Amino acid sequence: MDELSKEWFELRDHRRRLYSRAVWVPVYGTILPLERGRYPEVGHVEEVLAVGSAVVFKDKREKAEELDWHYWSLDNTVPYLDGGGQYFEAESFYDDPDGPLGLRLVLTHYLNSDHPRQVYINQDFVLAYGLLEEGNYWVRPNEGYEQVVRLTRKEDGTVAFVEIRAEYLKDYLAARNAALRIYYYRQRRAILENDPKFDWPEDFSLVSDLNDRLEVRCNEIDASGDFPGTTWAMFKAWRTDVDPEEEVPDFAGNDDEATETETTKGVRGDEGGRFLVAGEMWRGEWIEPAEKSCRVGYGEPDEALMVQLDGGGGRVDLKTLNREEVGKYLWFKPEVINDLLSSRGATMQWYTHDTGGVSPSPDWLLHFGVNKLGLINAYAYDVARRPLWERRIWVAHNCRPDGGVSAELMEAQMACKPASTKSPEFMIHHALGWIDQVFQEKFKIALFREHHEVEELSSKIHRFRAIDESGLRSLAKDLVKISIERINKKSLIDALGERKSDQGTLKLLQRLLAKHTDEDYAYARMSPLFGAYDLRGADAHLSSSDVNECYASAGVDRSVPLTKQAEQLIQNVADAFGTTGTELRRHVPKD
């Protein structure tokens, strides 16, 4: 549809659209989706959308149908006492002797000209879904920080427009046994140099129903924006008996003899030469509730999520496994961990070499294990009782059983014999802290420089990064960043008792270890670090044979699954630093 066409002014695109089918439903405010030029200059184009709404109780719908646009306008929503002393809450909508028709989801009030209009989201709605305000959104932390309410602000920060995600709005309406009545006004107008001569009715009306009106018009206007030849009149009245010397003047009563008047009339101007073309729509619409409320409190929608329990290919609904005595395990592709960790506030902890806890939110970790093929195992009941949005993530990566259940997970959960092993992810951070501690103890200097990305990089050092070859190499790069690239070369030169050196940090560290052990031992110990370091440029600089040599130096077995290769890479880098620290502590003499 072309802008400024007949169809554009008739709002045909918007008349086809219903907010009852929209993902976001406006509930308050006025915005200008289009604004160009200044009124009434030729070239001015503007589109306006103004919305008013209220939650209407089921037994009051018929009365709400009778209310036109004016009842849904953006007046202050403040509490008040009627003449009989009855109190009406700020959220109440259209109070009458039979009680309010419903309530407002957005409350506003005006203070004075020093303050903008204050706009609030109804606290009952906020508390019903546990919402948190962040910038221009109200989000739900317990559902992956999903955006529930969306705000549009003016340049001064004032809230001008409020929209609610339909899924939550309809859920709330179901809980309140109500529907949302939304009434909105939309206008498109433009100042044109010539009359477009659209074939429109003389009474301007294209649609004239009770809750659905559409009017279009084309009028010639002058430079002031008024009709050519528009007259004006000014009436002035004053008293003639004003005495500035009188100490207590009294002007009570009407004294015509002491009053004079004057009337002035004129014409604004009779030059036209421009045309105001506009289309206006007023429409009332119902947003119906969901069949039932599934989210208020701790509820959730009833959704079937199918998972595989055995190698036969059969699937069962996950909610049938929501009982502690179910006695079944599930298998997942390792990508599930990355998807869970991609959520804001996600966390993962390692308990043993192959078990840990993971959650897409800061609380309530799910106990998982890694089996011999690198697949993820979790007790079916533990997955089945997670929130729906999290279960969707798990089920998306469910796979048929293979490689058995993680031995450490099953021993911990079924035999009550948790393993005493440590994960490579734990050991890498322990090893780096250990060798740095040794350097400060033996040489009175820190081995590593501080780095602002250490915390972020630490969270990325885990075997599940290696879901493909590029992921494995990216893991190698981050391992190098958090360890080798942080080594302070000057600390190594000082530890060697030298003044300067052209060698790199790894060569210097190897020399330091060799100085207190022997060359062959130091070379073998440092080999994984050289291999990981050389993998940094594997994508751009190394041939496939060179890449394989790098992996071999790092002690990575290329025949095992990628997550197992990542596990080996992390472990070998950790062992190299940890053992080097131990040897230096053992062999470097005390001061």
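## A buried helix

In helix α8, the buried residues (under 20% relative accessible area with a 1.4 Å probe, protein chains only; exposed means over 50%, partly exposed in between) are Leu-388, Trp-389, Glu-390, Arg-391, Ile-393, Trp-394 and Val-395. That makes 7 of the 9 residues in α8, which runs over residues 388-396, so the rest of the structure largely encloses this helix.

Keep in mind that this is a predicted model, where local features need pLDDT of at least 70, side-chain atom pairs count only at pLDDT 80 or more, and totals for chains, interfaces and linings use all residues. Residues are numbered from 1 along each chain as its sequence is written, and side-chain values use heavy atoms, with hydrogens and water left out.

## The pieces

Zooming out, the protein has 17 helices and 26 strands. These are DSSP runs numbered from the N terminus: H or I of at least four residues for helices, E of at least two for strands.

The protein is split into domain 1 (6-220 + 274-287), domain 2 (224-242 + 256-271), domain 3 (306-414) and domain 4 (424-587), with bounds from an automatic or database domain assignment. The centres of domain 1 and domain 3, taken over C-alpha atoms, sit 45 Å apart.

## Overall shape

How far does the C-alpha trace span along its principal axes? About 120 × 65 × 60 Å. The radius of gyration is 37 Å, while a compact globule of 591 residues would have one near 25 Å. That radius is taken over C-alpha atoms, and the globule rule is 2.2 Å times the number of residues to the power 0.38.

As for the inside, 46% of the 591 residues are buried.
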